[in-house]
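Biologist: Let's go through this structure together, one question at a time.

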Amino acid sequence: MTYFVIFLGICFMLGVLAVASNPSPYYGVVGLVVASVMGCGWLVSLGVSFVSLALFLVYLGGMLVVFVYSVSLAADPYPEAWGDWRVVGYGLGFVLVVWMGVVLGGLVDFWKVGVVTVDGGGVSFARLDFSGVAVFYSCGVGLFLVAGWGLLLALFVVLELVRGLSRGAIRAV
Amino acid sequence: MSPLHFSFYSAFTFSSLGLAFHRTHLISALLCLESMMLSMFIPLSIWPVENQTPSFALVPILMLAFSTCEAGTGLAMLVASARTHGSDHLHNLNLLQC
């Protein structure tokens, strides 16, 4: 089970590396989907299934769907995937930078595993993540209102940025 | 450093390097921003489990809400750039040149 969770962590890292090596955007979205699936599996293995489901719904089902159809604005005649030497070169360069950071920073004591799961303090009536997010509605109601206001404001910001022909925010003429 | 902590630490570093060394498309830089947000969401969700403090489980949900705003604004700028310049290539954004 330990090795399965470490495998999920390694696949999370590889998925993010697939996005960071900047292939053509069609393939970058694939890397992001793989990374978020691995991250959700990792969270489920710890027992916090609520934030994992929230990530799936909001991130994969909301934000990435919008990204996928916006990628159609970024069409390449010859898309570069991970078989292209430029993309692989960027990926290897980033791995080299992180490897140098680990070696020079002295972070070599690598095999300490063992993390507390959500039942570490005993089984309770309400699970840890459910009761934590429920604070959002009781003591943190001010933050709830601020977040809702910010989301509503973002809608109007988007509307103003993509407004019609001659009065938009980004114009070269 | 435990291997799982190293995993999200290096994921954040990869995404910020990918944002810094972007290539042609604006949307690849936006995807690197999204992966930075994802690689911060995972440790923020693990923190209340490791320290057994339920009240901190609110923070990743709040971060998700604000990063949705940021993603929407970034995509709106992508659409505006595609309307003005015809594509989202970063070498077209050159208002400062004579």
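**Chain B and the core**

Modeller: This is a predicted model. Read along the sequence, chain B runs α-α-α.

Biologist: How many helices and how many strands does chain B have?

Modeller: The pattern along the sequence is α-α-α. That gives chain B zero strands and three helices.

Biologist: Is chain B compact or spread out, judged by its radius of gyration?

Modeller: For 98 residues the globule rule gives 13 Å. The radius of gyration of chain B is 17 Å, well over that value. The C-alpha trace spans about 55 × 25 × 20 Å along its principal axes. So, set against a compact globule, chain B is more spread out.

Biologist: What share of the residues in chain B is buried?

Modeller: Buried here means under 20% relative accessible area. Chain B has 98 residues, and the buried share is 56%.

Biologist: Which helix gives the most to the largest nonpolar core?

Modeller: That core has 62 residues. F12(A), W42(A) and F41(B) have the most contacts inside it. Helices of chain A and of chain B each supply at least two residues, among them α1 (2-20) of chain A and α3 (58-85) of chain B. The top contributor, with 12 residues, is α2(B).

Biologist: Which residues of chain B does F12(A) touch, leaving out those up to four places away in sequence?

Modeller: Contact means heavy atoms within 4.5 Å. In chain A, F12(A) touches residues including A35(A), M38(A) and W42(A). In chain B, F12(A) touches S7(B), F8(B), A11(B), L38(B), S39(B) and I42(B).

Methods
Residues are numbered from 1 along each chain as its sequence is written. Chains are lettered from A and ligands numbered from 1 in the order in which they are written. This is a predicted model: local features need pLDDT of at least 70, side-chain atom pairs count only at pLDDT 80 or more; totals for chains, interfaces and linings use all residues. Side-chain values use heavy atoms; hydrogens and water are left out. Helices (H or I, at least four residues) and strands (E, at least two) are DSSP runs, numbered from the N terminus. The radius of gyration is taken over C-alpha atoms; the globule rule is 2.2 Å times the number of residues to the power 0.38. Buried means under 20% relative accessible area, exposed over 50%, partly exposed in between (1.4 Å probe, protein chains only). A nonpolar core is a set of buried Ala, Val, Leu, Ile, Met, Phe, Trp, Tyr and Cys residues joined through side-chain atoms within 4.5 Å.
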